[in-house]
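Please work through the exercises below with the sequence and the structure open beside you. Each one sets a task and then solves it step by step.

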Amino acid sequence: MEPEDHEGATSLLQSFERRFLAARALPSFPWQSLEEKLKEPSGSELLLAILQKTVKHPVCVQHLPSVKYARCFLSKLIKKHEAVPTEPLDALYEALAEVLMAEESTQCHRSYLLPSGDSVTLSESTAIVSHGTTGLVTWDAALCLAEWAIKNPAVFTERTVLELGSGAGLTGLAVCKACHPRAFIFSDCHGQVLEQLRGNVLLNGFSLEPDTPTDPGSPKVTVAELDWDEVTASQLSAFQADVVIAADVLYCGEVTLSLVRVLKLLSDCQRKNAPDVYVAYTVRSQDTGKLFITELDRAGIYWEEVPPHASKLFPYEEHSAIVILKLVLSHHHSI
């Protein structure tokens with residue numbers, strides 16, 4: 001391989017690895033670049049390397065993706081391989097045979113690699129797609145906020161962080177693993193989401209037992225049930241949060257209003273030491289952010305947009321417009 005070509009193969013490999021681990025939709029993989037590379041003499045080597053970085057990846061072997069997903073992926077990979085006049089690769093067919101024999105489990109996993117080499121793995125119910133509870137899908141803004149946090153660890157280091165609407169726990173787990181907070185409180189309000197969330201916290205090596213000694217440098221982690229319409233100021237101030245984060249929680253107007261209610265409570269009950277607040281959302285329609293910003297202005301909560309970061313650690317759709325706002329809650333009341 002030519003040196004620059006080797007670089008092309010490396011980034012192609014990384015793209016396949018990240019997308020497969022995160023169970024992204026198969027059409028989003030760089031199949032066309034792969035077709036080009038397979039015409040080269042090193043094509044078979046590349047296919048074997050892709051196999052090692054996907055279906056045979058140590059993270060996938062430990063935390064299985066959906067069997068159906070792995071099956072569709074391998075079939076597509078084999079199709080690309082068969083389109084090229086070259087010796088058939090037994091390893092590909094053996095891997096497919098293994099997946100064809102496998103039973104689909106009730107839980108499947110997606111994983112995200114962190115710069116440290118560690119990873120965050122989320123377990124999802126294979127059937128959940130049909131359940132329709134929003135918290136069980138991994139949203140793009142959660143990945144974007146996690147990425148920003150990893151780039152800005154000082155915001156979280158040695159501080160107590162409260163996450164509103166944690167969903168599957170992706171952003172919080174990334175913060176816990178990469179940013180060294182003192183304590184981290186995950187929160188959500190649906191029973192089913194909370195159950196899945198607790199499972200994911202444990203799956204990633206954190207304890208939820210209050211008295212367990214944690215490793216030095218590992219945060220004290222809790223999962224709280226929090227209904228934004230019912231939570232009181234005293235419940236919120238009991239968390240003593242230094243930082244509050246929320247990602248992809250503005251999916252409808254009512255929820256947006258409920259979130260602003262919580263933010264107003266936080267600014268009133270922690271007037272002396274108001275937490276830093278970061279809210280990330282995907283602009284799905286013009287209204288998504290508009291209502292939120294209108295309500296923040298009405299509540300007298302100052303906001304500013306966090307400049308976009310360039311680096312892409314996680315696979316999510318490039319074209320989606322994701323905004324991260326920093327809110328300042330300490331408004332000075334005139335006496």
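**Exercise 1: a hairpin**

Task: In the hairpin of strand 1 and strand 2, find which residue takes a positive phi.

Solution: The model is a predicted one. Five residues lie between the two strands of this hairpin, and Gly117, with a positive phi near 100 degrees, is the residue to find. The next step is to look at the strands themselves: strand 1 (residues 107-113) and strand 2 (residues 119-125) are paired in the antiparallel sense, over seven bridges. The partners can then be read off, since Gln107 stands opposite Ser125 in strand 2, while Leu113 stands opposite Ser119 in strand 2.

**Exercise 2: how enclosed the strands are**

Task: Determine how many of the seven residues of strand 1 are buried, and how many of the seven residues of strand 2 are buried.

Solution: The cut-off needed here is that a residue counts as buried under 20% relative accessible area. In strand 1, five of the seven residues are buried, so strand 1 is largely enclosed by the rest of the structure. In strand 2, seven of the seven residues are buried, so strand 2 is likewise largely enclosed by the rest of the structure. As a last step, sort the residues of strand 2 by direction: Ser119, Thr121, Ser123 and Ser125 point one way, Val120, Leu122 and Glu124 point the other way, and all are buried.

**Exercise 3: a histidine in a loop**

Task: Decide whether His63 is buried or exposed, and list its contacts beyond the neighbours within four places in sequence.

Solution: Begin with the location, which is the loop between helix 4 (58-62) and helix 5 (67-82). The relative accessible area of His63 is 14%, and His63 is therefore buried. Once neighbours within four places in sequence are left aside, His63 is in contact with His109, Thr121 and Leu203.

**Exercise 4: two residues with a positive phi**

Task: Compare where Glu158 and Asp248 lie, and say for each whether it is buried or partly exposed.

Solution: Most residues other than glycine have a negative phi. Glu158 is not a glycine, yet its phi is positive, at about 60 degrees; Asp248, also not a glycine, has a positive phi of about 55 degrees. Glu158 is in the loop between helix 7 (140-151) and strand 3 (160-163), and with 49% relative accessibility it counts as partly exposed. Asp248 is in the loop between strand 6 (243-247) and helix 11 (253-269), and with a relative accessible area of 8% it is buried.

**Exercise 5: a pair of packed helices**

Task: Describe how helix 7 and helix 8 pack, giving the angle and how far their axes are apart.

Solution: Helix 7 packs against helix 8 (residues 170-178) at an angle of about 15 degrees, and the axes are 8 Å apart. Angles under 35 degrees count as roughly parallel, and helix 7 is therefore roughly parallel to helix 8. The crossing of helix 7 past helix 8 is right-handed. Finally, identify the residues that meet: Ala142, Leu143, Leu145, Ala146, Ala149 and Ile150 in helix 7 meet Leu170, Thr171, Ala174, Val175 and Ala178 in helix 8.

Definitions and conventions: Residues numbered from 1 in each chain as written. Predicted model: local features only at pLDDT ≥ 70, side-chain atom pairs only at ≥ 80, totals over all residues. Heavy atoms only, no water. Buried < 20%, exposed > 50% of the residue type's maximum accessible area, 1.4 Å probe, protein only. Helix = DSSP H or I, 4+ residues; strand = E, 2+ residues; numbered from the N terminus. Pairing = 2+ DSSP bridges. Contact = heavy atoms within 4.5 Å. Axes fitted to C-alpha atoms, helices over the stretch in contact; angles between N-to-C directions. Parallel < 35°, antiparallel > 145°, perpendicular 65-115°, else oblique. Left-handed = near helix turned anticlockwise from the far one by under 90°.
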